[in-house]
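Visitor: Please take a close look at the sheet in this model. I would like its strands first, then what surrounds them.

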Amino acid sequence: MLTKLLTLETIQLEEHVATWQEAITLAAQPLVDNQSIRREYIGAMIASVEEFGPYIVIAPSVALPHARPEEGALKVGVSLLKLNQSVSFSNDSEHEVNLLIVLSATDNSSHIGVLTALSELLGDEEIIQSIIMAESKSEIIQIIQSINLTGV
């Protein structure tokens, strides 16, 4: 499922962004465009980080922005934003992020396969670094396709 959701249309590469709020907004835009989420889902993700802190930074250099299904999720979706220059989610250096992977789920179970695949991918520092170093969307897709993920 992950390889079907992460496509040339849902992956973005940028040099940098000014704020983590801009990073979340930009990272989620492909999911607005393909009607996986409504625009208010973006606001809900930002509000959640503002309320609870940078809990979405789930691995070194990686954030997984998401919101509750009822906050604007229309279907299961995943988008990825790779930043060449990291953006900080706090004053702590461990909250510097180069990869934002936005997740949309319509209920508590429909996205389990995607989460399984993402946890395998994100559990491998070498894969994360390969994606961060990738220079094109196609290269990122090839990296993900080359991994034998059980949730795919």
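Guide: Here is the sheet, followed by the helices and the overall fold. Keep in mind that this is a predicted model.

Five strands make up an open sheet. Read across, the order is β1-β4-β5-β3-β2, and the pairing is mixed. The edges belong to β1 (11–14) and β2 (57–59). Each of these two has a single partner strand, so one side of each is left without a neighbour in the sheet. Direction ignored, neighbouring strands are turned by 25° against each other on average.

Now the pair β4 and β5. Strand β4 covers residues 77–88, and strand β5 covers residues 96–104. They run antiparallel and are joined over eight bridges. One position to inspect is L80, whose bridge partner in β5 is I101. In general, strands of a sheet pair through backbone hydrogen bonds, either parallel or antiparallel.

A helix crosses this sheet. Helix α5 (residues 125–133) lies across β2, β3 (61–63), β4 and β5. Its direction is about 100° to that of β5.

Next, the wider setting. The protein has six helices and five strands. From the N terminus on, the elements run α-β-α-α-β-β-β-β-α-α-α.

Two other helices deserve a look. Helix α4 spans residues 112–122. Its buried residues are V114, A117, L118, L121 and L122. Seen down the axis of α4, they fall within an arc of 125°, so they line one face of the helix. The general rule is that an α-helix has 3.6 residues a turn, so residues three or four places apart point the same way.

Helix α3 covers residues 39–52 and contains S48. The relative accessible area of S48 is 13%. The cut-off for buried is under 20%, so S48 counts as buried. Leaving aside residues up to four places away in sequence, S48 touches G53 and Y55.

Finally, the fold as a whole. A compact globule of 152 residues would have a radius of gyration near 15 Å; the protein has 14 Å, which agrees. The C-alpha trace spans about 35 × 35 × 25 Å along its principal axes. Of the 152 residues, 49% count as buried. The accessible surface comes to about 7,300 Å², and carbon and sulfur atoms hold 49% of that surface. Among contacts with a separation of 6 or more, 71% come from residues 24 or more positions apart.

Terms used. Residues numbered from 1 in each chain as written. Predicted model: local features only at pLDDT ≥ 70, side-chain atom pairs only at ≥ 80, totals over all residues. Heavy atoms only, no water. Pairing = 2+ DSSP bridges. Helix = DSSP H or I, 4+ residues; strand = E, 2+ residues; numbered from the N terminus. Axes fitted to C-alpha atoms, helices over the stretch in contact; angles between N-to-C directions. Contact = heavy atoms within 4.5 Å. Rg over C-alpha atoms; globule rule 2.2 N^0.38 Å. Buried < 20%, exposed > 50% of the residue type's maximum accessible area, 1.4 Å probe, protein only. Areas by Shrake-Rupley, 256 points an atom, 1.4 Å probe, with all protein chains shown as cover. Arc of directions from axis to C-beta.
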